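Reader: Please walk me through how the two halves of this chain meet. Short answers will do.

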Amino acid sequence: MPTFELGPNQYGKAETRLVRVERGPAGDRITDLNVSVALRGDLAASHLTGDNAGVLPTDTQKNTVYAFAREFGIDGIEAFAERLAEHFVASQPSIHEARVSIQQYPWQDVDGAHTFRRDGSEVRTATVHHGHYGTQTVSGVTGLVLLKTTDSEFHGFVQDRYTTLPETRDRILATSVDATWRAVQGRPDPAAARAALVEAFADTYSLALQQTLFAMGSRVLQRCPEVLEVRLSLPNRHHFLVDLAPFGLDNPNEVYFAADRPYGLIEGVVRRDGVAIPEEVAWTF
Ligand SMILES: O=c1[nH]c(=O)c2[nH]c(=O)[nH]c2[nH]1
């Protein structure tokens, strides 16, 4: 008779959608979040026998998210996630580790009063791990779509029998930035980190998206002294010049086909030189 054992496990309420409105005479402010909680600890009994004595219901976790928004406000997604993660571990003897991930959807004020506009795919992110290793916070942004119409070249690459890509001295460079940054102490200003990413993309004369990646990560490290490490995942949103010769037309870098796949995926970590960075807690099965 085979026997089985329970491996690593976690549980929690995923994707609690929370909108908080701060009402004020100078106009309202909204905070629009998607909050996911995952808890680990002494949870074998629930899996093995259905004994739920150590189980804080995921419904309660969801309620806690809403209640904390009212009781403590939301002074940044990092602080909110840390407060929640610490609470679940401190208040429940059965819970030893908590991970709280928050996505924040940005809204732009339209009338200085009570109307807002959401545009773009950009999302701010924060993930907090809390446990015996302390509290680790990773901040980031995803879906920050950037494009430059020139100042990008790509040439000098390997040529083998399968290579057809022409070398180019002038191309569109476009990407959707997925970035995370990590500090061990202090709280980096996310607006400064984001601005650094955009600025470096804009002002780096690019010979490869790889070079732009390093410039973007380096700029975040320059601008945000607390940040020790920046991780970047940059899909290369290829724009191919359309051959209009069959129609008797030239195409002087004017008309492109914007391909959505396949895409090059350029990923890398940029770190501060000579600084010991504690290993990042990663919850994987
Ligand atoms: O910036 C680029 N890096 C690459 O590695 C690559 N490969 C490719 O086909 N085009 C590009 N562009």
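**Where the domains meet**

Reader: How many Å separate the centres of domain 1 and domain 2?

Author: This is a predicted model, where local features need pLDDT of at least 70, side-chain atom pairs count only at pLDDT 80 or more, and totals for chains, interfaces and linings use all residues. Residues are numbered from 1 along each chain as its sequence is written, and side-chain values use heavy atoms, without hydrogens and water. An automatic or database domain assignment sets the bounds: domain 1 is 9-132 and domain 2 is 143-285. Taken over C-alpha atoms, their centres are separated by 31 Å.

Reader: Which three residues supply 43% of the area that domain 1 buries against domain 2?

Author: Buried area is the accessible area (1.4 Å probe) that two parts lose on being put together, summed over both. Domain 1 and domain 2 bury about 1,100 Å² between them, with 54% of it on carbon and sulfur atoms. On the domain 1 side, more than any other three residues, the 43% comes from Arg-40, Glu-122 and His-129.

Reader: Which residue meets Glu-122 in a salt bridge?

Author: A salt bridge puts a side-chain nitrogen of Lys or Arg within 4 Å of a carboxyl oxygen of Asp or Glu. The rule finds 2 salt bridges across the interface of domain 1 and domain 2. At 2.4 Å, N to O, the side chain of Glu-122 meets that of Arg-194.

Reader: How many residues of domain 2 are in contact with domain 1?

Author: Contact means heavy atoms within 4.5 Å. Domain 1 brings 15 residues to these contacts. From domain 2 the number is 11.
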